[in-house]
Amino acid sequence: MLRKLLIGTMLAGGLVAGYSATTYAAGGSVEVLHWWTSGGEAAALDVLKKKLESQGITWKDMPVAGGGGEQAMTTLRARVTAGDPPTAVQALGYDITDWAKQGVVGDLSDVANKEGWDKVIPGALQNFAKYDGKWIAAPVNVHSTNWLWINKKDLDAAGGKAPESWDELIAVLDKMKANGIIPIVGGGNAWNAATMFDSVVLSLGTDFYKASMVDLDPAALSGDKMVEAFTRLSKLRSYVDDNFSGREWNLDSAMVIEGKAGMQIMGDWAKGEFVHAKKKPGEDFVCIRFPGTQGAVTFNSDMFMMFKVGEDKKAAQLQMASDIMSPDFQSSFNVVKGSVPARTDVPDTAFDACGKKGIKDLAEANEKGTLFGSMSQGYASPAAIKNAMYDVITREYNGDIDPKEAAKELAAAVAAAKG
Amino acid sequence: MTQTRAEIAPILARTRRAPKEVLQDLLPKIVLAPSFALILVFVYGFIVFTGFLSFSGSKLLPDFSTWVGFDNYVRLFKHPNWIVSLKNLAIFSVLYIVICSVIGLALAIFLDQKIRGEGLLRPIYLYPMALSFIVTGVAWKWFLDPGIGLEHAMHQLGWASFSFRWIKQGDMAIYTIVIAAIWQSSGFVMAMFLAGLRGVDNEIIKAAQIDGASTVMIYRRIIIPLMRPVFLSAFVVLAHLAIKSYDLVVAMTDGGPGTATWTPALFMTKFTFGRNEMGMGAASAIIMLMMIFAIIVPYLYSELGQKK
Amino acid sequence: MSAASQDVATRNGIFARAAIYAVLILFAVYYLLPLYVMLVNSLKPLDEIRHGNMLALPHEWTIAPWLSAWSTAQIGVSPTGLKPYFLNSVMMVVPAVAISTILGALNGYVLTKWRFRGDTVVFGMMLLACFIPFQIVLIPSARILGLLHLAGTVPGLVLIHAIYGLGFTTLFFRNYYEAFPTELVRAAQIDGASFFQIFRRILLPSSAPIIVVTVIWQFTNIWNDFLFGSSFSSVDSIPLTVALNNLVNSSTGVKEYNVHFAGAILAALPTLIVYIVSGRYFVRGLMAGAVKG
């Protein structure tokens, strides 16, 4: 199936005007440190491996899974300290910037300029993929976090209309509760609760999201609107069953798939779970933007950050970067992964309904200037600040502190982490 | 102390100094030297390095260009998660060490009563120590989860009022970690006590029996007091496992619900490698080392000092 | 086996014995529970796990998860299963255990039979090494391995594991040899036996129990290590624990719990076998001195 998709999208890729593949290397090898080790995502990455191999480049696989990349970053520290960095490393958001500051990353500007990356990659992504004016990373995809995944049957039983505002959402949740199911699931760990919080904050306005999550404005962090955000988070929590704690997001998804739970707020990687369970968008489940966030997107993007390597490996590294950015790879990879291409010029023909919506929303948000880095995925603030926020959010979600205290502590924790 | 040792220590006569003799004299030290040198560098050198780190403004990687004094320590002790970690360590280590010792001793005594099937039971008690917590933690997590584990099973068996949901409760979750930790190491402690029991001198017990002491009395007054060195060994092994407890917490709760089950080892790892706060991570490591040394050094001193 | 405490035992009433058996069996259940959870769920199809109740026996028995974990599950980009990583772990564990055990034996020998001024301090310092959290040595170790050009190699991993095992192996052998009669050593010396001859001919032949304890301890710790394995290995030397972690820790993909549990048991088999086969010697070895101090 994968191969068929690949061929289909390669054809689609070929239609993109003005794109020409470049060949940099006819040999050599790349060592790739990443944490995509499970079925779907590894299969997606295998597309890249095969492509490189067809160009005579050996793929040396160095997978280290765990903690959403935390383990891989630990390994990376050891590798860099030992003076033996991998060719390419999967990385997220501010981690890329932080590594760039250490002066250990490579320079992709040659290939980027030649292939015109500046024109096809959204500016919000370029902020991370470039450092000091130089391209240092090749973005593979764009995920967005402000999605709501609803079981279609449960939704039909609760009126059938997908909620478009906070009040409508609450109405649907109430109906689902009356129907005897768990209305919403999520927030089992800090990361999961923070992913929900992304959407809740965004639903209170794009300006507010930018001021609080991206600009870290103390007034926005501690203000009334933040209290309201926490109140909404708690409100959502009140519809979640009591066993949520410690439950992985994919088990949440399973509950939605089975109809035990009505809905889940989660990034579009959740689609993989639905598709894997042979569910179809529109028929078995509904994907909508979190009520009140249509038109805006909180993104995260998986990138391959390139490290400084010896001259002998340089050509293979550039080839890898070029392959990652090729439209055919961007399409075939993202069809498998559930995300959308990082390039804005990739045709959506191979994608399902949710994928098509994702591509459209991304382009729209990019144009309107409402494309923001996701706080929960490390695209809004550096790791220290992100995790300081996690602490407060998860404690509020678990009822350890109330919304007012949470807003106050959020501002304090961010201030402390900055110092 | 050194003097007494010096009197007994030289087994070699040091009167003749033929070259071969000198070599013989030096050989033991030459044999020991590489190990000691490696330990000096890889343990003590690195501790000193960590000490320096804790006074630096290191973030992603070691960075000795900015010095922040005691800043990292101040921030550490102001951080709510560190306070939670210390509190949890206190609860966890006390319960873990006491319960493991009690269970270990009890099982060893019971197993020492000419039990049929000892050969079968012993490996059952011991095997958890052989497993890595990467996946065993998931098994525990599921078992303790009220929705799918024990509580669910009891409800299905018809015991509807059965409730066991500690792992979901912020104030109780740390105790579930104690349960799993005891599972992992109490068998090992049992083996230590069993070995100790089997090493007890027959004659003492026979004498007590002739004096008409009851079984319970013999254990309480004679055998258990004889186990003192085992208690100490068990204490050291358990204390260091308690302070280093990381895998277990990550696999079972990853610090949740909320931040309820953070421990110092989790704190150190998360701050050093996850939050790019290497300076603060190093500060927490130094505090951990100080706690470990505060426990181990007096023990070593008494053990090594009293021998002769 | 000493009959001392067992003499006490025979005087117990039948009632007390029944109670003792009950307690022992109850604890056996406690110890076996997680293994049971892992085992039954590794024999279920994934759908059945999704439907809940982790404690129930499978409705539909299947060994597919085991086959998948062994040879077809996705570890990195290639669907190789855990199979190829076994050898990597063996290549790392065997020399590391051998080196740390031999060095530990020699250290124990020197520290008890060839005492010198300050030997207690040396021993104390080596023992304290058991207690440092490994996370703090990660970065400096990486630097040194890099300088030695051993980063990402099997010898590098062996070196690190051997070093951080030295504290425990030295402790075990030192305590064991402490109880070994020094007179024998002295007599051999008078007969003109050399340092190594005494070790080989006199101490080593009676060291079997403590060697068993040390090897079990080291084997288990190194086999199960994840931190060093993930930091200091590279493409050709990834140990089994790192592979297992990659199998079970997907970030944003479907989690096949049945395969995870099967993989976990597979990865633990060598240590489980070592424990079960040598459990008897383990207690004997501990008895012979390892717990004395």
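Here are three short exercises with worked solutions on this predicted model.

**Exercise 1. Strand S13 of chain A**

Task: Find which strands of chain A pair with S13(A), and in what sense.

Solution:
- Start with strand S3 (residues 88-91) of chain A, which runs antiparallel to S13(A) and is joined to that strand by four bridges. Within S13(A), the residue opposite Gln90(A) is Phe304(A).
- Next take strand S6 (residues 137-139) of chain A: three bridges link S6 with S13(A), again antiparallel. Here Ala137(A) has Met305(A) as its bridge partner.
- Now look at the side chains of S13(A), residues 303-306. Met303(A) and Met305(A) point one way, Phe304(A) and Met306(A) point the other way, and all are buried.

**Exercise 2. The largest nonpolar core**

Task: Name the residues with the most contacts inside the largest nonpolar core, then follow one of them outward.

Solution:
- This core has 333 residues, and Trp149(A), Met305(A) and Met389(A) have the most contacts inside it.
- By element, helix H8 (residues 173-198) of chain B contributes the most, giving 17 residues.
- Pick Trp149(A) and set aside neighbours within four places in sequence; its contacts then include Val256(A), Met263(A), Phe274(A) and Cys287(A).

**Exercise 3. Where chain C meets chain B**

Task: Work out how many residues each chain brings to the contact, and describe the side of chain C.

Solution:
- Chain C supplies 86 residues and chain B supplies 88 residues.
- On the side of chain C, helix H14 (residues 257-290) provides the largest share, 14 residues.
- Sorting that side by type gives 57 nonpolar, 20 polar and nine charged residues.

Definitions and conventions: Residues numbered from 1 in each chain as written. Chains lettered and ligands numbered in written order. Predicted model: local features only at pLDDT ≥ 70, side-chain atom pairs only at ≥ 80, totals over all residues. Contact = placed C-beta atoms within 7 Å. Helix = DSSP H or I, 4+ residues; strand = E, 2+ residues; numbered from the N terminus. Nonpolar A, V, L, I, M, F, W, Y, C, P; charged D, E, K, R; others polar. Buried ≥ 20, exposed ≤ 12 C-beta atoms within 10 Å, placed from the backbone. Pairing = 2+ DSSP bridges. Core = buried A, V, L, I, M, F, W, Y, C linked by C-beta atoms within 7 Å.
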